[in-house]
Amino acid sequence: MLLLPCRATRAGRVCVCNARVTRRTLQARELPSTEDAVGRSGPGRLIAIVVSLVLTAVTVGLMYVAFVDSADTPQTTYQAMSDNAQKTQDVYTLIFILAGIVFAGVMAATLAFSFIFREREGAKALQIHGNSKLEVIWTLLPVLIVVVMAVPTFQVIAETTGDAPENSITVRATGHQWWFQFEYEDYGVVTASDLHLPVDVPVRVILESGDVIHSFWVPQLSGKVDMVPGHTNQLWFTPNTPGEYLGQCAEFCALSHANMRFRVFVHTQADFDAWVQAQLAPSVTPTEGLAAEGANLFTMKGCIGCHTVRGNDIAMGVVGPDLTHFGSRTRLAGAMVPNTEEELRRWLTNPPAMKPGSIMPNLNLTPAEIDGLVAYLYSLK
Ligand code: CUA
């Protein structure tokens, strides 16, 4: 709405209103000034200002309550649990405060002007044209605000996606439709859906995709960075509190995008080391009972074509998750559901019914076959 020559003044001056000037407004301008309305004055104006400020304060207060309420949910970004999440949070807080001031100012002014200059019987609008000082202020002020937001934003993006500290561990995270794979190349461990990390140790996460664009996001630990096919991104962070954190794919990646989740478990160093040791052990293929039947079915039904089970030499597929330690995972089906026998049965009965678009097809397994597969899969601790 800025800096266009005003047809009303015809002198090449810039116009504050930039409204389309009609013959009627020109006529209005030519009316004696006594008939022009400049809005309420005196006590009326004061009341309008007070009412506007009160309404603004109530609105901002309600928004703050909603904000505080939302800060205690599992996907919150307001409770940073890593160094880099805290940096992101600090930038966000700065932007939130600046935006809040702008919001409150614009809302209060809009309300006040609406009350003060509202239409009244017989009153005509006073047209005012050109105010260079105001125009310069409202052009430069937003520029200044954007600069104040942009500088720390770019700094934090560069820091959190740049080189990780020397003592980092490395995890290669790969997005698949629709599950996350995590490879610990330093340890030779591969897992899915559950990401285990030691506390107070920086982790460098290398981000890749096996098919379409996904995005890695753990609201309490890291910002969002895309996982792009044929391109490697990275981010790093240092989790500072043991606990369980929710992760989520944050880039629409087709049908089951919303079902593409993961969990991050931050452990003490001792617990993390114990977890790594347990993961390093190959599986032992059961030789008797229901689990042995299940192991046989795992081959006969073609599961080996898509899944790797270290210790089972013919199970070397790479389409689906590595299942070597499936029994030790907390979630299944891309972390959609808890890893319970009930959910596993539901999954094996008809995967696409549970996770629409699932690459794992309905194998039309009988209940007896499912019994065997469940026994085998839970033997893989
Ligand atoms: Cu992967 Cu959305």
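Q: Hey, what does Gly 302 do just after helix 6?
A: In this predicted model, Gly 302 takes a positive phi of about 90 degrees, just after helix 6 ends.

Q: And how far apart are the end C-alpha atoms of helix 6?
A: They are 17 Å apart. Helix 6 covers residues 289-300, so at 1.5 Å a residue its 12 residues should span 16 Å, and the two values agree.

Q: Which residues of helix 6 are buried?
A: Those are Ala 291, Ala 292, Gly 294, Ala 295, Leu 297 and Phe 298.

Q: Cool, what covers them?
A: The cover for the buried residues of helix 6 includes helix 9, residues 367-379.

Q: Switching topic: is strand 6 enclosed or open?
A: Strand 6 is largely enclosed by the rest of the structure, because five of its five residues are buried.

Q: Which way do its residues point?
A: Asp 194, His 196 and Pro 198 point one way from strand 6, while Leu 195 and Leu 197 point the other way.

Q: Why the back and forth?
A: Side chains in a regular strand alternate between the two faces of the sheet.

Q: In what sense does strand 6 pair with strand 12?
A: The two pair in the parallel sense, over five bridges. For instance, His 196 has Phe 265 in strand 12 as its bridge partner.

Q: Last one: how many residues are in the largest nonpolar core?
A: It has 32 residues, and Phe 182, Phe 216 and Val 264 have the most contacts inside it. Elements that each supply at least two residues of this core include strand 6, strand 12 and helix 5. Another core, of 25 residues, lies apart from it, with Ile 304 and Trp 347 among them.

Note on methods:
Residues are numbered from 1 along each chain as its sequence is written. This is a predicted model: local features need pLDDT of at least 70, side-chain atom pairs count only at pLDDT 80 or more; totals for chains, interfaces and linings use all residues. Side-chain values use heavy atoms; hydrogens and water are left out. Helices (H or I, at least four residues) and strands (E, at least two) are DSSP runs, numbered from the N terminus. The expected span of a helix is 1.5 Å times one less than its number of residues. Buried means under 20% relative accessible area, exposed over 50%, partly exposed in between (1.4 Å probe, protein chains only). Contact means heavy atoms within 4.5 Å. A nonpolar core is a set of buried Ala, Val, Leu, Ile, Met, Phe, Trp, Tyr and Cys residues joined through side-chain atoms within 4.5 Å. Two strands pair if DSSP finds at least two bridges between them.
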